[in-house]
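The following exercises practise the reading of strands, sheets and enclosed spaces in a protein model. Please study the sequence and the structure before working through each solution.

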Amino acid sequence: MMKKLSFYSVLIAVLSVLVFSCTEEDKVVTGSLVPARFELPFNNTSVQKGETIEAVISIANPSDLKSIKVYKSDSIIFEGPVSKNKMNFQLKTNNWKFGTNQLSLETITNNGRKRVDHRIIKLLPDIYPKEYSAEVLTVYPHATTSYTQGLEFDNGQLYEGTGGTGATGKSMVAKVDLNSGKIQEQKLLDEKYFGEGITILNDQLYQLTWQEHTCFVYDKNTLEQQETFTYTGEGWGLCNDGNQLIMSDGSERIYFRDPKTFGLKRTIEVYTNEGPVKGLNELEYIEGKIYANVYTRNKIVIIDPATGVVTGRIDASILALDYRKTGEVLNGIAYDKNSKQLFVTGKNWPNLLEIGLVQE
């Protein structure tokens, strides 16, 4: 009997220790992993510029925390100790950038452990883009073997960059005669490269490649290659504002790069009041705005380069009706600064079109 009591006493004691240990361990793990969190009603959702966001923070055990910090980018909203289980912050979005904004909550426990909770908030412009339709003014011939990726005028000379191999033609950069559509001079790329957007700045012609992470730099007069740059991600469209190269990669982002090094200077996200504009392709810089083809949609958006806000949209679907038999879409925007004429074409299209814009 004595032995049985001893056995059960020991068993109960051991189980008590195990239960107590598990409870304490669970408390430590729970408290250290989730000491505080956002109770925002959204994550990765969109709000309109000017709206006030209520950020609610839930704190499990305030006594376990040394301090918390609430911040957005480099802007601190709150930093200090806490004594309540909930904290509310009214966040004004008037000065936030358009597109992706990250709100962060950093907690430091009494034992020095740090945890961070991030929430993504997309800020939409409060500007409605002006709507335009395109009308054809003049029709010019265009080589149907040219899978157009870039189009540019420089002092009256038309330049074109193409992509693809085989039936779509070799990737090249070329001088083109506007009136006849004939290629006057060309520089072919090695078959391993798929040519993309082009632009001319300071007598140099820059040409992106799609997935080869290479930008070729040519003498614009001779088309002789001068140097190459490398970059991460895909290359789609390219233009310039007279000082910087401006590049797209098929997403809603546009990248501003140093023409001497191709180093990244800044990035914008392109948004309308309805959301991001993805598929940005061939670019042209026209009188302070960026014009961009939207891939497969036969639309052109007009973008404020300072903010990424779409200030205008051009419906060019009527232009594409006669060219659907080619199976390819509108791509290619060129602006002649001397005559102030706007030209567009498409991949393998038989024509290049001078167009006018009519506001709806």
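**Exercise 1: An enclosed strand and its partners**

Ile-53 stands opposite Leu-91 in E6. The model examined here is a predicted one.

Task: Determine which strands pair with E3, and state whether E3 is enclosed or not.

Solution.
Step 1. Strand E6 covers residues 86–92 and is joined to E3 by seven bridges, the two running antiparallel.
Step 2. Strand E1, residues 36–38, is also antiparallel to E3, and three bridges join them. In this pairing, Ala-36 stands opposite Ile-59 in E3.
Step 3. A residue is buried if its relative accessible area is under 20%. In strand E3 (residues 52–59), six of the eight residues are buried, so the strand is largely enclosed by the rest of the structure.

**Exercise 2: Strand E12**

Task: Describe the burial of strand E12, the directions of its side chains and its pairing.

Solution.
Step 1. Strand E12 spans residues 172–176; because five of the five residues are buried, it is largely enclosed by the rest of the structure.
Step 2. In a regular strand, side chains alternate between the two faces of the sheet. Met-172, Ala-174 and Val-176 point one way from E12, whereas Val-173 and Lys-175 point the other way, and all are buried.
Step 3. Strand E11 (residues 157–162) pairs with E12 in the antiparallel sense over five bridges. Here Tyr-159 stands opposite Lys-175.
Step 4. Strand E13 (residues 183–188) and E12 are likewise antiparallel, with five bridges. Lys-175 stands opposite Glu-185 in E13.
Step 5. E12 and E13 form a hairpin with six residues between them, and Gly-181 in its turn has a positive phi of about 80 degrees.

**Exercise 3: An open sheet**

Task: State the strand order of the five-stranded open sheet and identify its edge strands.

Solution.
Step 1. The order is E2-E8-E7-E4-E5, and the pairing is mixed.
Step 2. Strand E2 (45–48) and strand E5 (75–80) each pair on one side only, which makes them the edge strands.
Step 3. From one strand to the next, the twist averages 25 degrees.
Step 4. Within the sheet, strand E7 (residues 99–109) and strand E8 (residues 114–124) pair in the antiparallel sense over ten bridges. Leu-103 stands opposite Arg-119 in E8.

**Exercise 4: Pocket and cavity**

Task: Describe the largest pocket and the largest cavity by volume and lining.

Solution.
Step 1. The largest pocket has a volume of about 340 Å³. Its lining consists of 20 residues, and Glu-152, Phe-153, Tyr-285, Tyr-335 and Lys-337 lie nearest its centre.
Step 2. Strands that give two or more residues to this lining include E10 (148–154), E24 (280–286) and E28 (330–336).
Step 3. By class, the pocket lining has six nonpolar, six polar and eight charged residues.
Step 4. The structure holds one cavity of 30 Å³ or more. The largest cavity has a volume of about 30 Å³.
Step 5. Among the residues lining the largest cavity are Val-176 and Gly-181, which also appeared in Exercise 2 as a residue of E12 and a residue of the hairpin turn. The cavity lining divides into five nonpolar, two polar and one charged.

**Exercise 5: Cysteines**

Task: How many disulfides does the structure hold, and are Cys-215 and Cys-239 buried or exposed?

Solution.
Step 1. The structure holds zero disulfides.
Step 2. Cys-215 has 0% relative accessibility and therefore counts as buried.
Step 3. Cys-239, with a relative accessible area of 1%, is buried.

How values were computed: Residues numbered from 1 in each chain as written. Predicted model: local features only at pLDDT ≥ 70, side-chain atom pairs only at ≥ 80, totals over all residues. Heavy atoms only, no water. 1 Å grid on protein atoms, 1.4 Å probe; cavity = no way out; pocket = protein on both sides within 12 Å on 5 of 7 lines; lining within 4 Å. Points joined across faces, edges and corners; volume = space filled by probe spheres on them. Helix = DSSP H or I, 4+ residues; strand = E, 2+ residues; numbered from the N terminus. Nonpolar A, V, L, I, M, F, W, Y, C, P; charged D, E, K, R; others polar. Disulfide = S-S within 2.5 Å. Buried < 20%, exposed > 50% of the residue type's maximum accessible area, 1.4 Å probe, protein only. Pairing = 2+ DSSP bridges. Axes fitted to C-alpha atoms, helices over the stretch in contact; angles between N-to-C directions.
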